[in-house]
Protein chains: 2
Amino acid sequence: MEFDLIARHFVRATPHTRLGPGDDGALLVASRGAELVVTTDMLVAGTHFFPDANPEDLGWKTLAVNLSDLAAMGAMPRWAFLAVSLPRADDAWLAAFAEGFFACAQTFAVDLAGGDVTRGPMNFCVTAIGEVPSGCALRRDGARAGNDIWISGRIGLAALGLEHRKGKLALPESLVPLCEKRLTRPQPRVQLGIALRGVATAAIDVSDGLIADLGHIARRSGLAAVLFRDRFPCLPVLDLPDAPDAALTAFLSGGDDYELCFSAPPACRAALIALATRLDLPLWRVGTLASPDISTPPGAVRLTGPDGEILPCPETSGYEHFT
Amino acid sequence: MEFDLIARHFVRATPHTRLGPGDDGALLVASRGAELVVTTDMLVAGTHFFPDANPEDLGWKTLAVNLSDLAAMGAMPRWAFLAVSLPRADDAWLAAFAEGFFACAQTFAVDLAGGDVTRGPMNFCVTAIGEVPSGCALRRDGARAGNDIWISGRIGLAALGLEHRKGKLALPESLVPLCEKRLTRPQPRVQLGIALRGVATAAIDVSDGLIADLGHIARRSGLAAVLFRDRFPCLPVLDLPDAPDAALTAFLSGGDDYELCFSAPPACRAALIALATRLDLPLWRVGTLASPDISTPPGAVRLTGPDGEILPCPETSGYEHFT
């Protein structure tokens, strides 16, 4: 009964759903001519977030990371399903979590159409469903040789915020709120993803770090990626004698930013610059995709300097999601 | 990388899916004129299953309990998504779990179209998606006063198997394998659910016990349920001096059977008897739904004897899922 009460925190109106929570399943009707995009993510205390994380932020982020996956497919988010495992019924904590979750759901007009609540170690599993017109989804495997590589917004800030929070580096006071907000309230790039239909040839969201995620596009498309160091957005100036490359490392391999990385033909450059203005979201052209060769096999990501020289890449396998 | 390897246990062909695992989301195309039914269930070690459960059985059951929810909506299962949290990468365990999971998926022609693998306490979250022709879903709220109450198969056996396994009662040798199988390899009643479209007025799967689950139909339909003790199927004869009502208690309040409980107009009796023969699955007419009154408010479930006298009902709130 205690857990029935918890479940009630998650029942709100579902105007876009034929039958919402309370039956064996939810009933949805897909729009005519749409394909459905479905993604599922599990967030575990101690692995993806600190057990003492602010519950409202955690509620927002639990949904936002799934909507980011839909955005990366060019889909319009429609429905979400939330399964929750909790060690005990803490009403105030749950109310705050639900507040953050529904703040994100309302921002993106998503119905929470169903779910499950059970007792166990803290774990949140969201399945999100979106729609995209048939054939218009942005996939990872559509990039072509000669396509530009673009990224949205500012990446690396979430990773810097995390390092700061862990006490591993000291950010300048002015950067702390910005980095904190990126970490705790990521903004899924839903409008951008939709606007990229028919423009981008491939897309992914930057959740594990630029090099790792761009590598997925390169591998699935059978290409090699080349990043131009001198085209990167201006990185924060960090006076950290012990970690002189902290900003660059965060940019290249920090996760949890949930910006989009995508490929597009050079003919689309003007359209993308106009789109950045329209969305009030910077878009940076930071590289190119090339046919693989001996030095750059399929899936490889190379960092190059102004004269085309190869620069060392930071280690990419160590990023830990932890907010 | 270790966890990438785990993920590979769960990548198999997805012939009914436009784009399966490996991208930010899966791409599905719903059948023309279909509504989608979506259900999600989280199974936690220690709450829903013994941590040392046979992994192949656990894989089967993890999917089967979700397909049972789709069956209870009259839906044809189509796609599943599996999120897994595991404390470590145990290859042999995972291979066995995947074997059981895919055995169930193949039996019901379900594509595992995506998922997530992460590190943490053992937890499995499945989201299953099915299809039902528009307007034909079996809901909990469609029962009418005067409808018969039906159940499929044999209920209570899983609960008896669980009590036996826990050492709380000693089953006759001949019953053990039957009860064990019900507990470890539940059969979602998919064909029955589909056959009940246009016949049943409401349906639910018996996962928490007959009284609890029938109570959901009664409450959502604004009716009271009356069960006829003398119409129950023959219950196993258990010579248990300490628990003379064990079989009846299991029948009324044991969970984990995943049979269907449904309501239908009396005019459908002959059709349902014929259906039982066609599916080779017994269907039992065990009660009726009535307009609520002072003694039987909406959602109430009453047990009555041959002369209409009210019999005591066993306690229903204590059922623990544990296999």
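This is a chat about how two chains meet in a predicted model, and about one sheet in chain A.

Q: Hi! Before we start, what kind of model is this, and how are residues numbered?
A: Hi! It is a predicted model, where local features need pLDDT of at least 70, side-chain atom pairs count only at pLDDT 80 or more, and totals for chains, interfaces and linings use all residues. Residues are numbered from 1 along each chain as its sequence is written, chains are lettered from A and ligands numbered from 1 in the order in which they are written, and side-chain values use heavy atoms, with hydrogens and water left out.

Q: Cool. How many residues does each chain bring to the contact?
A: Chain B gives 49 residues and chain A gives 49 residues. Contact here means heavy atoms within 4.5 Å.

Q: And how much area is buried between them?
A: About 4000 Å² is buried between chain B and chain A, with 55% of that coming from carbon and sulfur atoms. Buried area is the accessible area (1.4 Å probe) that two parts lose on being put together, summed over both.

Q: What about polar contacts, how many residue pairs are there?
A: There are 21 residue pairs in polar contact between chain B and chain A, both residues being at pLDDT 80 or more. A polar contact is a pair of N or O atoms within 3.5 Å; within protein, one must be able to donate a hydrogen and the other to accept it, and residues adjacent in sequence count only if both atoms are side-chain atoms.

Q: Which element supplies the largest share of chain B's side?
A: That is β2(B), with nine residues of the side that touches chain A. Strands (E, at least two residues) and helices (H or I, at least four) are DSSP runs, numbered from the N terminus.

Q: Does β2(B) pair with a strand of chain A, and in which sense?
A: β2(B) pairs with strand β1 (residues 26-28) of chain A in the antiparallel sense, over three bridges. Two strands pair if DSSP finds at least two bridges between them. Within this pairing, A:Leu27 stands opposite B:Val37.

Q: Switching to charges: how many salt bridges cross the interface?
A: The rule finds six across the interface of chain B and chain A. A salt bridge is a side-chain nitrogen of Lys or Arg within 4 Å of a carboxyl oxygen of Asp or Glu. One of the pairs is B:Asp24 with A:Arg140, whose closest N and O atoms are 3.1 Å apart.

Q: How far apart are the closest N and O atoms of A:Arg18 and B:Glu35?
A: They are 2.6 Å apart in that salt bridge. A:Arg18 lies in the loop between α1 (2-8) and β1 of chain A, while B:Glu35 is in strand β2 of chain B, so the pair joins two chains.

Q: What rotation superposes chain B on chain A?
A: A rotation of 180 degrees does, with 0.0 Å of shift along its axis and an RMSD of 0.0 Å. That is the relation of a two-fold axis. The copies are superposed by least squares on the C-alpha atoms of residues with pLDDT of at least 70 in both.

Q: New topic: what is the strand order in chain A's open sheet?
A: The seven strands run β7-β9-β6-β10-β8-β11-β12, with mixed pairing. β7 (202-205) and β12 (310-311) are the edge strands, each pairing on one side only.

Q: How many bridges join β7(A) to β9?
A: Four, and the two strands run antiparallel. A:Ala202 stands opposite A:Ser263 in β9(A).
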